[in-house]
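Student: I would like to go through the labels used for this model. Please set each value against its definition.

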Amino acid sequence: QKQGSGRVVLVPDAGFAERLAADLRFFGGWAAGSEVEAGDEPDPVLLLRAAESSAFSQVAADRRIAMERLAVLFRLAQELPWRFLVLPVAAAVRRALPRSAIAERCSRIEPGGELERDELLRRLAPAGYLRVPLVEDPGSFAVRGNLIDVYSPSASHPVRLELDDELVVSLKRFDPDGQRTRKSVNEIWIHPVREVLLGPDELRLARGRIGELCDEVCLPSRKKGELLGDIQSGRLFFSLESLLPAFYREGLQTVFDYLPADARLAVLDPAEVIQVLQAEMAR
């Protein structure tokens, strides 16, 4: 099943989208989930939720929704198989990080392959993963010597990587509650879990662009310094997602830029979709 044979279904709102995704899985005979590891069937029904962040309302983005969005965008960027993409209007009109930005930061890891431990750890934090003592939630990782636990949002369970120098000895799922290993897997994907990627290039570009904008609007020097300092630190701070356009030189893209040219589009309840679209664009 190639990606190009997928159907995109545009619907009015999030509630409609959730019901439709559940119906498609039920009538298609597909179990719900978003597993992409070898040996398990990946979820053929993708649901792209709308981003909650806005430059005009100080609302903290829901981390869970952000990770769900990135799990879907990762699948599309890597051209992994899917059958249906359910797309609420709000998710269709809002731009996301460029496809190239997420594709460049996806890593496929297999037993027997080579993996530089410190390089992997350096990539996880800028991609949005949180370092914790025990991995219990998606978007987190833990390190104990040559054992690295990582929980990708596109996987049903966290995975424990065992390294021998730069050789991947094994990959095993484990229970996030009891921390007991379950079974070996043949591959895992690690991908970004947020849209604002805080690599050196992105931070440098954002500092320059936002500094210029601060000068244009005559923002007080103290506030400008605090804002640029927060960006330079590379840490997450309130309303960071509202600055998304400043971090990518090539500009943001819509989900349609992630899709193959031969993807088919269906619109359910066109009159309602048009009405919601107009309201969303006006808002």
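**Rings, surface and cysteines**

Tutor: The structure holds three aromatic pairs. This is a predicted model, in which local features need pLDDT of at least 70, side-chain atom pairs count only at pLDDT 80 or more, and totals for chains, interfaces and linings use all residues. Residues are numbered from 1 along each chain as its sequence is written, and side-chain values use heavy atoms, with hydrogens and water left out.

Student: Why is the aromatic pair of phenylalanine 26 and phenylalanine 27 called edge-to-face?

Tutor: Rings of Phe, Tyr and Trp (its six-membered ring) pair if their centres lie within 6.5 Å; planes under 30 degrees apart count as stacked, over 60 as edge-to-face and the rest as tilted. Here the centres are 5.1 Å apart and the planes are at 85°, so the pair is edge-to-face.

Student: What makes phenylalanine 26 count as exposed?

Tutor: Exposed means over 50% relative accessible area, buried under 20%, and partly exposed in between (1.4 Å probe, protein chains only). Phenylalanine 26 has 63%, so it is exposed. Phenylalanine 27, at 69%, is therefore exposed too.

Student: Why is the pair of phenylalanine 74 and tryptophan 189 called tilted?

Tutor: Its centres are 5.5 Å apart and its planes are at 55°, which is neither under 30 nor over 60 degrees, so the pair is tilted. The pair links distant parts of the chain, with phenylalanine 74 in helix H2 (residues 63-77) and tryptophan 189 in strand E11 (residues 188-190), 115 residues apart. Helices (H or I, at least four residues) and strands (E, at least two) are DSSP runs, numbered from the N terminus.

Student: Are phenylalanine 74 and tryptophan 189 buried or exposed?

Tutor: Phenylalanine 74 has 0% relative accessibility and tryptophan 189 has 13%, so both are buried.

Student: How do you know that arginine 160 lies over the face of phenylalanine 174?

Tutor: A charge sits over a ring if NZ of Lys or CZ of Arg is within 6 Å of the ring centre and within 35 degrees of the ring normal. Arginine 160 lies over the face at 4.2 Å from the ring centre.

Student: What makes valine 267 partly exposed?

Tutor: Valine 267, in strand E12 (residues 264-267), has 37% relative accessibility, so it falls in between the two cut-offs.

Student: Why is cysteine 218 not in a disulfide?

Tutor: A disulfide is a pair of cysteine sulfur atoms within 2.5 Å. The closest cysteine sulfur to that of cysteine 218, in cysteine 214, is 11 Å away, so it is too far for a bond. The count by this rule is zero disulfides.
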